[in-house]
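Here is a quick tour of a protein and DNA model. Have a look at the sequence and the structure first, then read on.

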There are 2 protein chains.
Amino acid sequence: MDKPVLRADARRNRARVLAAAEEAFAADGLAVPLDDIARLAGVGAGTVYRHFPSKEALFQAVVLERLEQFAAEARELVDAEDPGAAFYDYFARVIKQASLNRAICEALGATTGSAYKAELGTEFRANLAALLERAQAAGAVRTDLDGDDLRALIVGALAVERYSPGSHHLVRVLLDGLRAVTPASP
Amino acid sequence: MDKPVLRADARRNRARVLAAAEEAFAADGLAVPLDDIARLAGVGAGTVYRHFPSKEALFQAVVLERLEQFAAEARELVDAEDPGAAFYDYFARVIKQASLNRAICEALGATTGSAYKAELGTEFRANLAALLERAQAAGAVRTDLDGDDLRALIVGALAVERYSPGSHHLVRVLLDGLRAVTPASP
DNA sequence: CACGATACGGAGTGATCGTTCCGGTTGTCA
DNA sequence: TGACAACCGGAACGATCACTCCGTATCGTG
């Protein structure tokens with residue numbers, strides 16, 4: 001469509017900006033000043049805006065790239081022999097990786113800005129739901145949850161992880177809750 | 001100590017500021033501009049600063065007030081006949097109330113600023129731990145958790161609730177996880 | 001190599017917001 | 001009621017930050 005072939009230096013700078021943004025957003029989330037990203041990329045602020053229409057757009061580009069990696073990992077697991085193990089492996093892996101990346105945490109947890117909840121990472125969402133449904137069909141996960149519920153629980157697990165980092169046993173509480181088949185609330 | 005007896009109008013304005021701050025912070029969290037609080041209180045910005053040294057201090061005052069209410073509710077339950085029911089009742093109530101109040105969510109979830117994690121709401125923390133230990137002794141809650149873990153889980157539950165409001169069954173997943181006695185992770 | 005199109009850097013702009021300052025007002029007490 | 005201290009409102013200040021503008025530098029091509 002609109003790909004007028006970038007000049008060599010422009011292509012190089014675009015890559016530098018993306019790399020710098022990935023690092024900066026991962027460390028500090030959307031709060032990092034755009035000028036910091038530009039400096040980290042060895043580039044002026046104007047150059048960032050030549051390649052991305054807004055800070056928000058740059059953020060989304062970075063997040064989307066990462067979510068597509070998640071989606072790819074899920075794709076490799078949908079045909080696993082043990083759907084339950086595949087699901088729990090993936091669940092734990094996503095939480096561990098995402099908890100190391102503030103950009104992902106903020107993007108997944110965002111409630112405002114329909115871009116995240118409704119469009120961003122469509123494939124990630126679809127693959128996650130597929131893993132969930134296979135695990136449910138195999139009896140490994142309670143059946144009163146859907147893909148939306150699961151994403152909400154991931155957001156919760158990320159909050160737990162941020163609050164008390166490295167507490168493996170807290171995630172296990174959640175996993176045990178997912179396994180429970182017959183809820184018995186008082 | 002330092003209570004030189006406020007003038008009548010000063011006392012009235014202080015109360016108005018607190019009430020306005022409670023409402024504004026509950027709705028929008030710490031992000032609400034201080035000028036908005038002042039206007040809502042029918043007061044100038046300078047007046048707010050006469051009573052509270054900073055916006056942050058005002059926020060803490062509001063949060064602390066609310067946490068003391070939580071602590072009082074817990075105090076009434078420590079001698080309940082059924083420690084398990086008391087614990088789960090309280091847990092669910094705290095999550096429901098806190099999820100309606102962004103100020104509380106942000107204060108409980110704050111990881112920076114030692115004031116929250118280390119000092120704010122000491123009594124709330126102590127009473128929560130007491131309820132937990134009684135429930136654990138009664139065999140109603142798994143024993144591989146302490147008070148810190150429980151607060152982390154509350155933070156997680158609040159994140160879930162904010163992401164997908166009113167999903168009662170998601171909190172139930174967590175409750176089922178708390179009940180599990182023998183973790184059986186793959 | 002020369003020239004036009006493309007891209008760059010970074011100072012500048014406008015908006016937001018926490019905090020301070022001060023001229024005017026109001027409560028209190030003798 | 002008069003006078004002083006306490007208090008008030010809100011304009012002004014300074015810092016931060018996303019975003020724009022434009023003179024300059026660089027790339028690609030004939």
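## Ground rules

For residue classes, Ala, Val, Leu, Ile, Met, Phe, Trp, Tyr, Cys and Pro count as nonpolar, Asp, Glu, Lys and Arg as charged, and the others, Gly among them, as polar. The model is predicted, so local features need pLDDT of at least 70 and side-chain atom pairs count only at pLDDT 80 or more, while totals for chains, interfaces and linings use all residues. Residues are numbered from 1 along each chain as its sequence is written, and chains are lettered from A and ligands numbered from 1 in the order in which they are written.

## The two DNA strands

Start with DNA strand D, which has 22 residues around it, the closest being A:Ala8, A:Gly46, B:Gly44, B:Gly46 and B:Thr47. A residue is near a strand here if its C-beta atom, placed from the backbone, lies within 6 Å of it. By class, the surface near strand D splits into 9 nonpolar, 6 polar and 7 charged residues. At least two residues each come from α1 (8-28), α2 (34-41) and α3 (45-51) of chain A, and from α1 (8-28) and α3 (45-51) of chain B. Helices are DSSP runs (H or I, at least four residues), numbered from the N terminus. The top contributor is α3(B), with 4 residues.

Now for DNA strand C: 22 residues surround it, and A:Asn13, A:Gly44, A:Gly46, B:Ala8 and B:Gly46 are the closest. Here α1 and α3 of chain A, plus α1, α2 (34-41) and α3 of chain B, each give at least two residues. The largest share, 4 residues, belongs to α3(A). The class count for the surface near strand C is 9 nonpolar, 6 polar and 7 charged.

## Where the chains meet

Chain A puts 31 residues in contact with 31 residues of chain B, contact being C-beta atoms, placed from the backbone, within 7 Å. On the chain A side, α5 (83-99), α9 (147-163) and α10 (168-179) each supply at least two residues, and α9(A) has the largest share with 11. That side holds 17 nonpolar, 8 polar and 6 charged residues.

How are the two copies related? A 180° rotation with 0.0 Å of shift along its axis lays chain A on chain B, at an RMSD of 0.0 Å (least squares on the C-alpha atoms of residues with pLDDT of at least 70 in both). The copies are thus related as by a two-fold rotation axis. Both use the same surface, with 100% of the contact residues of chain A recurring in chain B.

## Helix packing in chain B

Helix α4 (residues 55-75) and helix α8 (residues 122-137) of chain B pack at about 30°, with axes 8 Å apart. Axes are lines fitted to C-alpha atoms, for helices over the stretch in contact, and angles run from 0 to 180 degrees between N-to-C directions. So α4(B) and α8(B) are roughly parallel (under 35 degrees; over 145 is roughly antiparallel, 65 to 115 roughly perpendicular and the rest oblique). Among the residues in this contact are B:Phe70 of α4(B) and B:Phe124 of α8(B), and the class split is 7 nonpolar, 1 polar and 3 charged.

Helices α5 (residues 83-99) and α9 (residues 147-163) of chain B have axes that come within 10 Å and cross at roughly 50°, which makes α5(B) oblique to α9(B). The residues touching here include B:Val94 and B:Ile95 of α5(B), and B:Ile154 and B:Leu158 of α9(B). By class, this contact has 6 nonpolar, 1 polar and 2 charged residues.

Methods
Contact = placed C-beta atoms within 7 Å.
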